[in-house]
Amino acid sequence: RGVPDITDQSAVDHRACGHGKIILLGEHAVVYGSHAIAAPVPLAVRAVAQDTKSGGVDMFIPRWGVEYRLHRDPAHRDSFQRSLGIIFDTLELTERSMRIEVFPNVPRAMGLGGSAAMAVAVIRALDQHYELGLSDEEINALAFRCEEVAHGSASGIDNTVATYGKPLLYKRASKKGDAPMVRELQLPKRIPIVIGISGKESLTAVTVGKVRTAWQRNPALYDGIFQQIDGLTLQGMEAMQQYDLERLGDLMNICHGLLNALRVSSWEVEELVQIAREHGALGAKLTGGGGGGSIVALCPQNREKVAAAIRDAGYQAMEVDIG
Ligand code: MEV
């Protein structure tokens with residue numbers, strides 16, 4: 001179904017990479033101030049910066065077939081250039097002559113945090129190459145600004161996982177400019193997950209925008225759903241810390257139902273969720289923006305079976321341990 005091969009992990013260099021992620025509980029509601037739980041996956045985006053004499057910033061992402069010269073004037077940039085362009089403007093590198101090559105092992109537009117991982121990878125590559133001495137906080141803050149352009153109104157969770165590469169509980173700041181609440185999750189044991197990748201690309205900006213439109217039409221109705229997601233996310237954190245996977249699975253299933261109520265699911269996502277549950281997953285839900293993209297399934301006993309059933313149906317599956 002046109003999904004790039006994500007099993008190639010050879011190019012991961014952690015000094016210049018951004019981590020891909022899954023959201024276990026709380027996506028979309030997190031944009032409105034609810035908690036969410038996210039964890040890195042062993043997929044990363046790596047970037048390399050080199051000096052050239054070309055007279056501009058040239059970006060190459062061979063795997064995605066993307067190649068462009070960054071427009072110096074932000075007004076002339078398309079949405080892709082606008083997002084990454086913030087990095088060069090902020091670091092005052094727009095006038096330099098360089099080639100940036102990006103190696104994304106995170107599949108594009110699959111709800112796995114590809115845009116945030118790319119922003120972090122590019123910032124880290126520039127930081128290394130120009131010896132800028134950026135701290136992780138500065139890298140995260142700059143990647144957040146890229147995410148705001150990429151997602152419309154990003155919560156900041158994707159760039160935070162992309163930067164720190166740790167499982168965490170996250171809640172955005174209630175006022176712009178304040179720091180979000182980020183708590184690293186210490187788990188007694190690693191949690192076995194299957195990621196099912198639908199192959200249907202979906203832009204988070206689009207699903208975030210759809211939820212916003214619905215919320216604006218009836219804020220009380222949607223705030224109620226966000227509150228329910230918030231409550232079950234906090235219960236999910238307890239379940240993870242107590243390694244109560246039955247409970248975590250129930251919470252994931254209910255979260256999926258609520259995300260479906262927000263209309264961010266799709267045919268492919270529903271099929272993946274059903275396949276996972278039928279083959280014994282304790283819980284299965286969409287992860288990230290939805291509208292296509294990926295699902296996560298909690299599979300303590302029968303992980304291979306779930307992954308095989310997903311592959312038999314023509315999708316990609318990846319087995320990961322969280323924690
Ligand atoms: C995307 O990975 C998660 C969303 O909640 C958007 C965001 O938090 O920025 C859908």
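1. How far from an oxygen atom of the ligand does a polar side-chain atom of Ser155 lie? In this model, which is a predicted one, the separation between the polar side-chain atom of Ser155 and the ligand oxygen is 2.6 Å. The protein covers 99% of the accessible area that the ligand has on its own, that area being 290 Å².

2. Two further side chains deserve a look alongside Ser155. Asp158 places a polar side-chain atom 2.9 Å from an oxygen atom of the ligand, and for Lys21 the corresponding distance, again from a polar side-chain atom to a ligand oxygen, is 3.0 Å.

3. As to the wider surroundings, the ligand has 15 residues around it, and the closest are Lys21, His28, His151, Ser155 and Asp158. The site that holds the ligand is the largest pocket.

4. A separate point concerns enclosed space, where the structure shows one cavity of 30 Å³ or more. The largest cavity holds about 40 Å³ of space, and because both domain 1 (14-184) and domain 2 (191-322) give residues to its lining, the cavity lies between them.

5. The lining of the largest cavity can be checked residue by residue: Ala109, Met110 and Gly111 belong to it, as do Ser202, Leu203, Thr204 and Thr207, together with Gly289, Gly290, Gly292 and Gly293. By class, these lining residues comprise eight polar and three nonpolar ones, with no charged residue among them.

Terms used
Residues are numbered from 1 along each chain as its sequence is written. This is a predicted model: local features need pLDDT of at least 70, side-chain atom pairs count only at pLDDT 80 or more; totals for chains, interfaces and linings use all residues. Side-chain values use heavy atoms; hydrogens and water are left out. On a 1 Å grid over the protein atoms alone, a cavity is a set of points where a 1.4 Å probe fits but cannot get out, and a pocket is an open set with protein on both sides within 12 Å along at least five of seven lines; lining residues have an atom within 4 Å of a point. Grid points are joined across faces, edges and corners, and a volume is the space filled by probe spheres set on the points. Ala, Val, Leu, Ile, Met, Phe, Trp, Tyr, Cys and Pro count as nonpolar, Asp, Glu, Lys and Arg as charged, and the others, Gly among them, as polar. Domain bounds come from an automatic or database domain assignment. A residue is near a molecule or strand if one of its heavy atoms lies within 4 Å of it. A polar contact is a pair of N or O atoms within 3.5 Å; within protein, one must be able to donate a hydrogen and the other to accept it, and residues adjacent in sequence count only if both atoms are side-chain atoms. Accessible areas come from the Shrake-Rupley method with a 1.4 Å probe; for residues, only the protein chains shown count as cover. A molecule sits in a cavity or pocket if more than half of its atoms lie within 2 Å of its grid points.
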